[in-house]
Structures are given as C-alpha cells and as structure tokens.
Amino acid sequence: MQKQYRISAGQLFSILFVNRSVIMLTHNTLLGGGENMVDNILSALLALVLNFVLILPLYFLHRRNPQENVLETGERLVGKPGAILLAVFYGLYFMAIDSYYLSFFQIFLNNIMEPLMPVWLVALAFVAVVCYAAYLGIEAIARTAGFALAIILIGMVWIGVALLPKIQWINYDPFLYNGPKQLFTGTALFLARSTGFSTMALLLPRVSGKKKLKFCIWNTGIYCLMIFLLLGMVGVGGSYLKNQLFPVYTAASLADAGVLERLDVVFITIWVAGPFIQMSTDAYLFMTCLRKVANKKTSRIALPVASLLVAALAVAVTYSLPLQKVFYGVPLLFTITITAAVGIPLVLLIVDLIRKKKRVPEKTQKGEGPA
C-alpha cells in the first residue's frame, strides 16, 4: 500500500490562511456589492460567525469517520458510482476556482503592471510551476506555505501600520448608510470565495494535531486581518477607492514606511505567493480526486492537461466581459462553493446517521442488543 504522509494542523491552516489572503487582495466595491466599503467590515464579522456554523456538517462527519476523506466516505455510503461523481465534482470545482484566481492575477497584470504583457504566457508559466509543486506532494506545499504565511502576515501588517498615520476619520461613512443589501452581498462573497472547507474535506484524515483550536485561530485571524486592512484602506483612500479595481494595491501605493517608499512592492510579493499556494494545493487535490476514477499514473499525466484547460479558461475570462460577469458573479460561485463545502458533507452525514440507526435494530433482533 502507498504510504500516506501526514501534515500538522498548523501546516494545514497555514495553507488555508495563505489561500484566503487572495480574497483580501482582490476585494473591491464592484464585487462587494456597493460603494460603502465600511459595510464590508460588518460582512467580514458576519462571515466569521457563519463559518463556525457552516463547518458543523464537515466537523461531525469527520468526527464519525476520522480516517476517511469525503470521497472515501461517499464510496462507503453510496458506492463506487457515487464516489466517482463526487470526485468529478470536486475536481471540476478546484479547476474552476484556479481559473477564477488566475484570471484575476492576469487582469491585475494587464491593468496595473504592464498592459502589453501576453497573459497567456504568464498563465502557462504559472501552471507549469504549480504542476511541479503538486507533484512534490502536499508536504512540500505545506512547508512552502509556512514561509509564505510569514511573508504575507508581515506584509499585510506592514501595509496596515503604514496606512495608520494617513487615516482621515472623515473618510468613514456610517454603517448601513445605504441599507443592508451590501452587508449580505459582501457576506455571500466572502463565503463564496472560501475554498478552505473543501480543502479540509479532502485533507483532514491526513492531518495530525489540534484541529479545532487551529481552525478557530485561522477563522478568527483571517477576518481580523481583513477588517484591519479595510479600516486602513478606507481611512486613507475614502471615496477614491470606490472606482479602483484593486483598492488594496492602491492603498499600498499611497503608503510609505521607512526604507520602502512604495509598499506596492510588498503587495505584489503577497499577490504571487497567495495564488501559487492556492493553485498548488488545488492541483494536488485534483490528482487526489482523479485517483478515485483512475490510477496514480493516469492522474499525474492528466494534471498538465487539466492545468492547460485552467489556463485557457483564465485567459478567456480575462478578455471577455460577458464571461467575467458570469464567472465573477456571486450567485454561481456561492452555489458551487456552498455545495462543495457544506451541502455534500451534510448529505453524507445524514446518510451515515440513517444507516447507523437501521443497523442498530437489526442487531437487536439478532439478540445482540441489551437483555
């Protein structure tokens, strides 16, 4: 049997923390549902609370079957055909998420860095490195995520602290000034762009350590950092950020801190680290899903093909406004993310509970129950 290497709970949530940093870097008023970015602070608080509720189906499912990931549980409960369907769904989901974030990166390069840069070449280079990282395994990705986490935390805090002296209180609009719509849209966006639960659904059996504690630290820490950055961005940029495609980058460009007169360099470093860890993890999980359908060799051969499809979709989205409206819209992403993160674990948990209740009476009838 193939040896199953394990990672620590700290390493898992380092990966998830780095992955979630991409949400902060790409947040803007267009995606957030309105021009009052202060309302997104309330959205972050609401998403923080909801995550403790939405994790419960996966938590109880894993507690009942700690040695099985969601695909293995699905195979035990609904058979091989059901497991194949789950594997296909999760594999396509991870490909779609990678196309989503890679296209964002390409839009950033085209609009901020170099308009004439061939995005297809960047996409090919990115997916090539990602495939190599996935082949090295989740242990190598986890070790890299530890270094990336340190860079991201230092960079984010550095940007936030540099913004503090330039904050003007007049830039803060009242909460819910235009009604609660933006609050709910922003919350849905935060939840829709979170792949952490789906990652945990496949990796938790290979994680050792205090998972509950690390989850609480991760969930609380990522949203506290998001709120910290939002406060700094809005306080410095105010209404100027409403029309910015990447307001965090704009705010970083306005700040300076000692030896670094332009903190947008720090932003770009974080930008590269975040998508790299996100896509490398997803590529590894894609191979994990494919191994439910084919053998290990086939999954390794299929990864470059899937990566090329991811790159092609990302390039198409970059150049197509109609595709961007569908792809970046909250409804589609929210539906598939909640299905992968909450819906499937909940259904499997219910099936597992029903089957256990049916087994107990059968044992009792055979005389195996209490006298």
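This report walks through the core, the hollow spaces and the salt bridges of a predicted model.

**The nonpolar core**

A good place to start is the inside of the protein. The largest nonpolar core has 120 residues. Helix 5 contributes the most to this core, giving 18 residues. If you want to find the residues with the most contacts inside the core, look for L12, M200 and W271.

Let us follow one of them. Which residues does M200 touch, leaving aside those up to four places away in sequence? The list is L12, F13, L16, I55, L58, F215 and W218. Notice that L12 appears here as a partner of M200, and L12 is also among the core residues with the most contacts.

M200 belongs to helix 9, where it is buried. That helix runs over residues 196-203, and 8 of its 8 residues are buried. Among them are G196, F197, S198 and T199, so helix 9 is covered along its run under the rule that buried means under 20% relative accessible area. As general background, nonpolar side chains in soluble globular proteins tend to be buried together.

**Hollow spaces**

Now for the gaps between the atoms. The structure holds 4 cavities of 30 Å³ or more. About 100 Å³ of space lies in the largest cavity. It is lined by 13 residues, and those closest to its centre are D98, A283, L303, S307 and V310. Helix 5 (70-113), helix 6 (119-136), helix 12 (264-290) and helix 13 (296-319) each give two or more residues to this lining. By class, the cavity lining has 10 nonpolar, 1 polar and 2 charged residues.

The second largest pocket offers about 400 Å³ of space. Its lining counts 18 residues, with L30, L31, Q324, K325 and Y328 closest to the centre. At least two lining residues come from each of helix 2 (29-32), helix 5, helix 8 (181-192) and helix 14 (321-327). This pocket lining divides into 8 nonpolar, 8 polar and 2 charged residues. Helix 5 is worth remembering, for it helps to line the cavity and also the pocket.

**Salt bridges**

Finally, turn to the charged side chains. The model has 6 salt bridges, and the table shows some of them.

| Salt bridge | N to O distance |
|---|---|
| E75 and K80 | 3.9 Å |
| E75 and K292 | 2.7 Å |
| R206 and E139 | 3.0 Å |

E75 appears with K80 and again with K292. How far apart in the chain are E75 and K292? They are 217 residues apart, with E75 in helix 5 and K292 in the loop between helix 12 and helix 13. Are these residues buried or exposed, or in between? E75 has a relative accessibility of 28%, so it counts as partly exposed. K80 is partly exposed too, at 39%, whereas K292 is buried because its value is 16%.

The bridge between R206 and E139 also spans the chain. R206 sits in the loop between helix 9 and strand 2 (207-208), while E139 is in helix 7 (residues 138-163), so the pair ties together parts that are 67 residues apart in sequence. Both R206 and E139 are buried. In addition, salt bridges with shared partners join R64, E68, R76 and D352 into one network.

Key
Residues are numbered from 1 along each chain as its sequence is written. This is a predicted model: local features need pLDDT of at least 70, side-chain atom pairs count only at pLDDT 80 or more; totals for chains, interfaces and linings use all residues. Side-chain values use heavy atoms; hydrogens and water are left out. On a 1 Å grid over the protein atoms alone, a cavity is a set of points where a 1.4 Å probe fits but cannot get out, and a pocket is an open set with protein on both sides within 12 Å along at least five of seven lines; lining residues have an atom within 4 Å of a point. Grid points are joined across faces, edges and corners, and a volume is the space filled by probe spheres set on the points. Helices (H or I, at least four residues) and strands (E, at least two) are DSSP runs, numbered from the N terminus. Ala, Val, Leu, Ile, Met, Phe, Trp, Tyr, Cys and Pro count as nonpolar, Asp, Glu, Lys and Arg as charged, and the others, Gly among them, as polar. Buried means under 20% relative accessible area, exposed over 50%, partly exposed in between (1.4 Å probe, protein chains only). A nonpolar core is a set of buried Ala, Val, Leu, Ile, Met, Phe, Trp, Tyr and Cys residues joined through side-chain atoms within 4.5 Å. Contact means heavy atoms within 4.5 Å. A salt bridge is a side-chain nitrogen of Lys or Arg within 4 Å of a carboxyl oxygen of Asp or Glu.
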